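Dear colleague,

Here is the structure I promised to pass on to you, with my notes on it below. Please keep it open beside this message while you read.

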Amino acid sequence: MAVLTSLLIQGWTIAAAARRLHIALPRHDPLPRRVELDLPGQLEQEIVGYPVSANSPYLKRGLLPSWARPTLVVREQKILSPLESQPVQPGDYVYVLAPPEKAQALDRFFVDMPPPAAPDPRLLGDFFVSGDVTLGALADIYGLSIAPVAAEMSLADHFADEIKRRPKQGDVVPLGPIALVAHRVANGRITSVGLRLAEDDAPATLPAKLKKAARDLWSRLG
C-alpha cells in the first residue's frame with residue numbers, strides 16, 4: 001500500500017510541481033530525419049525530412065538556400081511533388097536534398113531555434129533570395145540586429161535606401177556581419193539578392209567606405 005500510494009500521488013503530481021517550481025524541461029521538437037544517398041555518377045547527397053508544425057519558421061518565411069532542393073512532401077499519407085503541395089501546410093513532412101556538409105544548417109529553416117551568435121558560413125555563399133524578402137526574415141536566421149520599424153522592409157527597398165542611386169548587378173550593401181550582393185536587377189529594381197559574410201573589400205556605398213576608412217585608421221593607430 002505504501003508503494004502504490006507513493007507511485008500514484010508522486011506520479012500524478014510531479015509534472016505539475018515541476019512546472020510550478022519552474023524546473024520543468026521544455027519539450028523538444030523531433031530531430032530531423034537524415035538519410036544519406038549514394039547517387040551513381042553524382043555528388044554525395046543527403047535527404048533530410050522535417051515535420052512542419054503550426055509555428056514552423058518555414059511557414060512564416062518560406063525561405064530555403066539555393067543548394068537545398070525540395071524533393072517531395074508527405075500530406076495525409078499521400079506523396080506530393082513540391083508543386084502539388086503548394087502551399088505547404090501544418091502537419092506536412094517536407095523532404096529536402098542537400099550536400100552532407102550543409103544538411104545540418106537546414107535545421108534553422110524548419111525548427112524554431114534561438115538566433116545564432118554569429119552567421120553560419122554554410123548558409124551563405126551560394127544562398128540567393130528574392131528581393132521581396134524582408135530584413136526581419138533574414139534577422140530571424142542570422143541573428144541580426146534590425147530596428148523593429150525596418151523588419152518589414154524588403155531587401156530591394158533596403159538597397160535603394162542605402163546606395164541612393166539606380167542599383168546595378170554586383171552592388172554590395174553591408175548588413176551587420178553579412179553582406180548583401182545585388183544578383184539580378186530588372187527595371188532599376190533588385191529582384192534577387194546573394195548573401196555572403198562581410199569582407200574587407202571595397203564597400204559599395206559612401207557611408208560604408210567612410211566607416212571602413214575609420215576602422216582601418218583606428219587599427220593602424222592601435
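In this predicted model, strand β8 and strand β9 (residues 189-197) run antiparallel and are joined by eight bridges. If you would like one pair to look for along these strands, Arg-184 has Ser-192 in β9 as its bridge partner. The two strands form a hairpin with two residues between them, and in that turn Asn-187 has a positive phi of about 55°.

Strand β8 (residues 178-186) also pairs with strand β7 (residues 172-175), again in the antiparallel sense, here over four bridges. Val-172 stands opposite Val-181 in β8, and the hairpin of β7 and β8, which likewise has two residues between its strands, contains Gly-176 with a positive phi near 65°.

Turning to the interior, the largest nonpolar core has 41 residues, and among these Leu-106 and Leu-180 touch the most other members. Helix α5 (residues 135-142) gives the most to this core, contributing six residues. When neighbours within four places in sequence are left aside, Leu-106 is in contact with Tyr-50, Leu-64, Pro-65, Trp-67, Ala-68, Val-96 and Ala-98.

As for the protein as a whole, it has seven helices and nine strands, and 36% of its 222 residues count as buried. Of the contacts with a separation of 6 or more, 51% are between residues 24 or more positions apart. The protein exposes about 14,400 Å², of which carbon and sulfur atoms supply 58%.

With best wishes

Conventions. Residues numbered from 1 in each chain as written. Predicted model: local features only at pLDDT ≥ 70, side-chain atom pairs only at ≥ 80, totals over all residues. Heavy atoms only, no water. Core = buried A, V, L, I, M, F, W, Y, C linked by side-chain atoms within 4.5 Å. Buried < 20%, exposed > 50% of the residue type's maximum accessible area, 1.4 Å probe, protein only. Contact = heavy atoms within 4.5 Å. Pairing = 2+ DSSP bridges. Areas by Shrake-Rupley, 256 points an atom, 1.4 Å probe, with all protein chains shown as cover.
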